[in-house]
Amino acid sequence: MDAKEFLVLDLKPTQFAIGHREVESKIHKLLSLDKENDFKDFLREHPIPVVEYNGEKHITDHHHLARAIWEIGKHHVYITIEKDLSLLPRKHFW
């Protein structure tokens, strides 16, 4: 699937705890990218996978990367929608 640009704060986490050391490692990696184009290329190559439920996008992986992107003051990520689960009853979705 093609990656789409999306606001990081509009994504819903499905992982309630994250390791701050891992976030710091991701921050270091992101800050080491030389140019804005390198940063965008990196984000395109590492889209945040999500599932959709009633219009909401729920992160299924790369929670640490999403947090690191926000921590360095960036507001957009690239996402790939793995599946739309809107037909499921809410209790089955969770």
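Ring pairs link Y53, F93 and W94 into a cluster. That cluster is my main topic today, and please keep in mind that the model is predicted.

Searching the whole structure gives two aromatic pairs. Take Y53 and F93 to begin with. Their ring centres are 4.3 Å apart and the planes meet at 15 degrees; planes under 30 degrees apart count as stacked, so this pair is stacked. In the chain, the two partners come from distant parts: Y53 belongs to strand β3, residues 48-53, and F93 to helix α4, residues 90-93, with their positions 40 residues apart.

Are these two rings buried or exposed? Y53 has 3% relative accessibility and is buried. F93 is buried as well, at 13%.

The other pair is F93 with W94. Here the centres are 4.9 Å apart and the planes are at 75 degrees, which is edge-to-face. F93 thus takes part in a stacked pair with Y53 and in an edge-to-face pair with W94.

One more ring contact, this time with a charge. K74 lies over the face of F39, 5.1 Å from the ring centre.

Now to helix α3, residues 63-71. Which of its residues are buried? They are H63, H64, L65, A66, A68 and I69. What do they pack against? The partners are helices α1 (20-31) and α2 (36-45), together with strands β3, β4 (56-59) and β5 (76-84). Strand β3 is also where Y53 of the stacked pair sits. After α3 comes G73, with a positive phi near 90 degrees.

That is what I have on the rings and on α3.

Definitions and conventions: Residues are numbered from 1 along each chain as its sequence is written. This is a predicted model: local features need pLDDT of at least 70, side-chain atom pairs count only at pLDDT 80 or more; totals for chains, interfaces and linings use all residues. Side-chain values use heavy atoms; hydrogens and water are left out. Rings of Phe, Tyr and Trp (its six-membered ring) pair if their centres lie within 6.5 Å; planes under 30 degrees apart count as stacked, over 60 as edge-to-face and the rest as tilted. Helices (H or I, at least four residues) and strands (E, at least two) are DSSP runs, numbered from the N terminus. Buried means under 20% relative accessible area, exposed over 50%, partly exposed in between (1.4 Å probe, protein chains only). A charge sits over a ring if NZ of Lys or CZ of Arg is within 6 Å of the ring centre and within 35 degrees of the ring normal. Contact means heavy atoms within 4.5 Å.
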